Amino acid sequence: MSATHAEPLHAEQTSAPLTRLDRRAIEDIVRSGRRLLVQGGMGIHASDGVSGKVAAHRGARLVGVGTISAVLKTPEQLRAEIRRARQESQGGFVGVNLMAAINKADFELLARVSIEERVSFLVQGAGISREILRWCREGGVPFAGIVSSGRLAAMYEKWGADFVVAEGAEAGGHIGDIGHPLPTLVREVLAATALPVVAAGGVDASDVARFVAGGAAGVQIATRFLACADGDVHPAFKAMHLGKTADDVAIITSCVKGMKARAVRNAFTEKLARGEAVPPRSKAWWFGKDGYMGRKKACVECLGDGLCVCRTSGYKESFCITDALLAAAVKGDTENGLFYTGQSLVRIGERDVTALPTAAALLADLEARLAAEDAAFEQAPAGASAVA
Ligand SMILES: Cc1cc2nc3c(=O)[nH]c(=O)nc-3n(C[C@H](O)[C@H](O)[C@H](O)COP(=O)(O)O)c2cc1C
């Protein structure tokens, strides 16, 4: 890592490390007949407060794994969130999601905090940095890559990753190839790598058994954990996920490299559809007078050079993603917020925020369904394709 980050960030020694989720640990779990149930990391504080509760789950069929998102956290916020999850998980698996697309200095700093805290794994989404694998190797922290093709999975295997998360077009937030559904992708990735593969994107309780039977080491679920009783995300964000149909889902063009992203349709997505620009506003209300990482301007330059369509157009095109996602997750502003979601939101059954289950209850339900579906698979004719 760069010399600017060479000194310890905290004089105080970190507490006991989390349990390592490396390739061998996953293979042992699979050999024992269980699979991983990974909670996908969700940026801009959307998944805060959930990871430790998911990681506390150790069932007969599923081992819970929490993922904290480092995106738009100060080092102090990230460290506090890791420590909270560590305490709640009681020795479970808690990793950190980092995106190479975020400002390079922030990426390094937040990776360093995670490694200092000896998290169970680091998982890299949006963007590819090879350096992070070296930092993980040197720091003794397992590494996972999020992949949208077999080719990328094979590359990560060559680079020494411990596992991959195959994320299909049904996923939430930024999506890669919109025409690449998860069952097809999982088959492609399983054929391309010997690494454990976690299937992500649109998975709900009724899908878990078929991905497991198809050879996945586990599944990743994110959207469902937005709509649960735990979690710090604003109650209005949870409410935005209830009673929705396919017509309530919008695919927008993000300011991150002009990528496509999935969000709950609202006044803000309609504004984007009309081509309106939404320039950055001050974030002092959230980051305080010292700003984000000392950056006090309305644009805190959260994205890497050349990646932010908003910035490269002089704020004349697109929108400030930090403003829009913070407005949704922290303020619950249903007019001006951008509510990222996955396609599985249409399958969320509850209609009232007060009726939402806890993360522990969701996992207990998954265990029960998996037991029932396992029994159904055992009765299925031999040779039937598991990943339909
Ligand atoms: C609100 C929201 C924010 C997300 N933020 C991130 C992120 O910061 N980094 C990342 O790699 N994936 C992110 N994702 C993707 C999820 O981690 C997950 O892999 C994906 O949504 C598939 O699970 P799902 O279909 O159950 O949502 C986000 C998803 C949502 C819904």
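**Exercise 1. Find where Ala-161 sits, and work out whether it is buried or exposed.**

Start with the address: Ala-161 is in the loop that runs between helix H6 (150–159) and strand E6 (163–167). Helices (H or I, at least four residues) and strands (E, at least two) are DSSP runs, numbered from the N terminus. A quick word on the model: it is predicted, so local features need pLDDT of at least 70 and side-chain atom pairs count only at pLDDT 80 or more, while totals for chains, interfaces and linings use all residues. Residues are numbered from 1 along each chain as its sequence is written, and side-chain values use heavy atoms, with hydrogens and water left out.

Next, the accessibility: Ala-161 has 6%, so it counts as buried (under 20% relative accessible area; exposed is over 50%, partly exposed in between, with a 1.4 Å probe and protein chains only).

Then look at who is around. Leaving aside neighbours within four places in sequence, Ala-161 is in contact (heavy atoms within 4.5 Å) with Leu-133, Phe-143, Tyr-156 and Leu-195. Leu-195 is 34 residues away along the chain, yet the two C-alpha atoms are separated by 8.0 Å.

**Exercise 2. Which strands pair with E11?**

Two strands pair if DSSP finds at least two bridges between them. Take E10 (residues 249–253): E10 and E11 pair in the antiparallel sense over 5 bridges, with Ile-252 partnered by Ala-261 in E11. The hairpin of these two strands has 6 residues between them, and there Lys-257 takes a positive phi near 60°.

Now E7 (residues 173–175): E7 and E11 are also antiparallel, over 3 bridges, and Gly-173 stands opposite Arg-262.

Finally, check the surroundings of E11 (residues 260–264): 4 of its 5 residues are buried, so the strand is largely enclosed by the rest of the structure. Thr-269 of helix H11 (residues 267–273) is buried too, at 4%. Its contacts, leaving aside neighbours within four places in sequence, include Ile-252, Ala-263 and Val-264.

**Exercise 3. Describe how domain 1 and domain 2 meet.**

First, the bounds, which come from an automatic or database domain assignment: domain 1 is 3–232 + 357–379 and domain 2 is 235–347. The contact takes 34 residues from domain 1 and 33 residues from domain 2.

Second, the area. The two domains bury about 2700 Å² between them, 62% of it on carbon and sulfur atoms (buried area is the accessible area, 1.4 Å probe, that two parts lose on being put together, summed over both). On the domain 1 side, Ile-44, Leu-72 and His-174 lose the most, together 24% of what that side buries.

Third, the charges: there are 3 salt bridges between the domains (a side-chain nitrogen of Lys or Arg within 4 Å of a carboxyl oxygen of Asp or Glu).

**Exercise 4. What does the salt bridge of Arg-347 and Asp-207 tie together?**

Begin with the distance: N to O, this salt bridge is 2.7 Å. Arg-347 lies in the loop between helix H14 (321–331) and helix H15 (359–379), and Asp-207 in the loop between strand E8 (197–200) and helix H8 (208–213), so the pair ties together parts that are 140 residues apart in sequence.

Now compare the accessibilities. Arg-347 is partly exposed at 39%, whereas Asp-207 is buried at 8%. Arg-347 also forms a salt bridge with Asp-204, with the closest N and O atoms 3.2 Å apart.
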